[in-house]
Amino acid sequence: MAKIIAGVGTSHTPAIGAAIDLGKTKEPYWAPLFKGYEPAKQWMAETKPDVVIMVYNDHVNAFDFKIIPTFGLGCGDEFKIADEGWGARPVPSVQGYPELASHMIQSLVLDEFDMTIVNEMQVDHGLTTPMSLMFGQPKEWPCRVIPLAVNVIQYPAATGHRCFMLGKAIRRAVETWNEDLKVVIFGTGGMSHQIQGPRAGLVNREFDTNFLDGLSKDPDRLAKIPPLEYLREAGAEAIELVMWLIMRGALGEKAREVYRFYHIPASSTAVGTIILESES
Ligand SMILES: [Fe+2]
């Protein structure tokens, strides 16, 4: 049986990927951030998942404003890296798992989640930055990746509660796949940040700390945060944090926090990461 054994929450700030690609990780500005990710990377090297489910959002690279799926599951066998205006990042393409992804689609739709089937798309920094942070710079990624692109760009995004429930349904879907697989699910984006308007640069450490605490100890509380509260308290782009609730929902009732790191700033965002191992 396939099993979701752990979840990773992490920011996906594009400047982090650029810092890696340009060899700046040891510069004074970046060094503390990458040092903080070292134990997380080590955990991943020891955990060796067979499959990663990457919950992230596209930033108008795969989907322009013609079609915006609320929940788009990548069912293709390969996802190429998007050119976001500076050339594609020099990282490997992502190998998918069409059979498992198709099974997930079937299970999720029958579970009353209206998923969009995405057979072909390019993936941007929302996916590649977390991959680089957790797997380093290999020639090929060491596991297959099923991307789950969530709309948090165009209002209205799904609520945190809906995302939490989707995570629970993803757990049921994976557990009915009859193959022994270790699956790690990522929730990416956030933490507090706003990149435009008069409040650009907003960061709220207290909100972020409460959010990390809640993931660990009381996710039901987090699932009740209304969308406006993310925007008001943690900045317009902090709505990305609802994606972390998909990850948390997929871990089952009990999860043990094994690592946490928080850092301000990277570009104009607060950066956080958390690793939770499922105990359910
Ligand atoms: Fe983002």
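Reader: Which residues of α9 are buried in this model?

Author: In this predicted model, the buried residues of α9 are Val242, Met243, Trp244, Leu245, Ile246, Met247, Arg248 and Gly249. Helix α9 spans residues 242-249 and is mostly covered, with eight of its eight residues buried.

Reader: How should one read the packing of two helices, and what are the values for α2 and α4?

Author: Two packed helices are described by the angle between their axes and by the distance between those axes. Here, helix α2 (residues 31-47) and helix α4 (residues 125-135) have axes that come within 7 Å and cross at roughly 75°. Angles of 65 to 115 degrees count as roughly perpendicular, and α2 is therefore roughly perpendicular to α4.

Reader: Which residues in α2 and α4 meet?

Author: From α2, the residues are Leu33, Phe34, Tyr37, Ala40, Lys41, Trp43 and Met44; they meet Leu133, Met134 and Phe135 in α4. The residues of this contact between α2 and α4 comprise nine nonpolar, no polar and one charged. As a general guide to such lists, an α-helix has 3.6 residues a turn, so residues three or four places apart point the same way.

Reader: Which residues coordinate the iron ion?

Author: The iron ion is coordinated by His12 through NE2, His59 through NE2 and Glu240 through OE, at 2.0 to 2.1 Å. Along the sequence, these donor residues follow the spacing H-x46-H-x180-E. Histidine 12 lies in the loop between β1 (2-10) and α1 (14-21), and histidine 59 in the loop between β2 (51-56) and β3 (71-74), so the pair ties together parts that are 47 residues apart in sequence.

Reader: Is histidine 12 buried or exposed?

Author: Histidine 12 is buried, and its relative accessible area is 3%.

How values were computed. Residues numbered from 1 in each chain as written. Predicted model: local features only at pLDDT ≥ 70, side-chain atom pairs only at ≥ 80, totals over all residues. Heavy atoms only, no water. Buried < 20%, exposed > 50% of the residue type's maximum accessible area, 1.4 Å probe, protein only. Helix = DSSP H or I, 4+ residues; strand = E, 2+ residues; numbered from the N terminus. Axes fitted to C-alpha atoms, helices over the stretch in contact; angles between N-to-C directions. Parallel < 35°, antiparallel > 145°, perpendicular 65-115°, else oblique. Contact = heavy atoms within 4.5 Å. Nonpolar A, V, L, I, M, F, W, Y, C, P; charged D, E, K, R; others polar. Donors = N, O, S within 2.8 Å, 3.2 Å for Na, K, Ca; no water.
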